[in-house]
Amino acid sequence: MTNAYKQAGVDVEAGYRAVDLMKKHIQKTNRPEVIGGVGAFAGLFDLSSITNYDQPVLVSGTDGVGTKLKLAFEMEKHDTVGVDLVAMCVNDIVAQGADPLFFLDYIACGKNEPEKIEQIVKGITDGCVASNSALIGGETAEMPGMYQDGEYDLAGFVVGIADKASLITGEAVQAGDVIIGLPSSGVHSNGYSLVRKIIADQNLRLTDEVEVFGKTLGEELLTPTRIYVKAIQALKQQIKIKGISHVTGGGFYENIPRALPEGLGAKIDQRTWKVPSIFSYLQDKSAISPKELFGVFNMGIGMTVIVDRKVADQALVILASVGEQATMIGEVVEGSGVEIS
């Protein structure tokens, strides 16, 4: 039976080996609430010991890495996209005020290559450690005919917890509130279809060294998405956060308004932070307008936080204490939409 299945393109033994290689990485993410180990039909997480929430609300999120994976295939570098996967999920629930609890992953591939799967999972566990999330389960699906050999897709799912009274909904945001920007590490995990088109149109090579980056173009573009869990946790312990935007697909124009009540907009001063060189590089290699750049990419701001003007300076001090080089990038104004000057 196994030989027939293998002839059909599915190697069960490779699946077993991949799980064995994952185990040492998964163990790094363990939390006291995790019940059981790897290999059960479902992941178990004990909530009974979590007692510091008066009205606990579970907050969930799911996401993927998108076509950034195409660059990982070409570079044959698979140990960072797992970080991206976790970051895209946990940053979303952090934006609602949640503390991550546990994470699950789904890896779909045309051919199960255990060592490659191990590298992907290593990145996932690195992301889980950075966000204090336990990796309690997942699935590796070998599907010949659905994916070419060497290709795969990733999906993640995270569950976090928040006190109902502490959920960050944006409802309390008012005109005059300050918008603080937390720096990104580069392109993060959105806009890569456009990035790849620029690369193809300009005949760029991922292996080319780019002096301004101090590394190859591919290495720069595979820089993993930043995880903001610890920064936001430190901030919300001391001050009231009114709104948070995770700046993902749609850039500034789509994501910042998601944290604003109706009738309010945002005024952003782009001179208040240093835009990473990858964005000017992409602009130089294409005909993209500055407005479109801000509508596709994060432009160096991976997350925005809205606070009362009275506590804005204190917020910057708190963020600096946990290593964040945050800046005040704008304010909330009457109206709608996002104005960038």
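**Group meeting: strands, salt bridges and two domains**

In strand β5, Ala141 is the bridge partner of Ala108. I start with that pair because the strand on the other side of it, β4, is largely enclosed by the rest of the structure, with nine of its 11 residues buried. Before I go on, please keep in mind that this is a predicted model.

Let me stay with β4, residues 99-109. Its pairing with β5, residues 134-142, is parallel and runs over eight bridges. To get from β4 to β5, the chain passes through helix α5, residues 114-131, and this β-α-β crossover is right-handed. β4 also pairs with strand β6, residues 152-163, here in the antiparallel sense and over 10 bridges. One position to look at there is Ile107, which stands opposite Leu154 of β6.

Next, helix α3, residues 68-75. Which of its residues are buried? They are Lys68, Leu69, Leu71, Ala72 and Phe73. These buried residues pack against α4 (81-94), β6, α6 (192-201) and α7 (217-221). After α3 comes Glu76, and its phi is positive, near 55°.

Now the salt bridges. How many does the structure hold? The count is 17. I will go through three of them and then a network.

The first on my list is Lys24 with Glu118, where the closest N and O atoms are 2.7 Å apart. Lys24 sits in helix α2 (residues 12-26) and Glu118 in helix α5, so this pair ties together parts that are 94 residues apart in sequence. Lys24 has 47% relative accessibility and therefore counts as partly exposed. Glu118 has a relative accessible area of 11%, so it is buried.

The next is Lys236 with Asp99, at 2.9 Å between the closest N and O atoms. This pair links distant parts of the chain: Lys236 is in helix α8 (residues 229-236) and Asp99 in strand β4, 137 residues apart. The relative accessible area is 26% for Lys236, which is partly exposed. For Asp99 it is 15%, and that residue is buried.

Then there is Lys242 with Asp308, whose closest N and O atoms are 3.9 Å apart. Both residues are in loops: Lys242 between α8 and β10 (243-246), Asp308 between β12 (301-307) and α12 (312-321). They are 66 residues apart, so to speak in distant parts of the chain. In this pair the lysine, Lys242, is buried at a relative accessible area of 10%, while Asp308 is partly exposed at 26%. As for the network, Lys28, Lys122 and Asp126 are joined into one by salt bridges that share partners.

Last, the domains. The domain assignment of the protein gives domain 1 as 8-163 and domain 2 as 177-340. Taken over C-alpha atoms, their centres are 25 Å apart. Domain 1 brings 27 residues to the contact and domain 2 brings 28 residues. The size of an interface is often given as the accessible area lost when the parts come together. Here, the area buried between domain 1 and domain 2 is about 2300 Å², and carbon and sulfur atoms give 68% of that.

How many salt bridges are found across the interface of domain 1 and domain 2? The rule finds one. To close, go back to β4 in the model: nine of its 11 residues are buried, and Asp99, in that strand, is one end of the salt bridge with Lys236.

Terms used:
Residues are numbered from 1 along each chain as its sequence is written. This is a predicted model: local features need pLDDT of at least 70, side-chain atom pairs count only at pLDDT 80 or more; totals for chains, interfaces and linings use all residues. Side-chain values use heavy atoms; hydrogens and water are left out. Buried means under 20% relative accessible area, exposed over 50%, partly exposed in between (1.4 Å probe, protein chains only). Helices (H or I, at least four residues) and strands (E, at least two) are DSSP runs, numbered from the N terminus. Two strands pair if DSSP finds at least two bridges between them. A crossover is right-handed if, with the strands pointing away from the viewer, the path from the first strand over the helix to the second runs clockwise. Contact means heavy atoms within 4.5 Å. A salt bridge is a side-chain nitrogen of Lys or Arg within 4 Å of a carboxyl oxygen of Asp or Glu. Domain bounds come from an automatic or database domain assignment. Buried area is the accessible area (1.4 Å probe) that two parts lose on being put together, summed over both.
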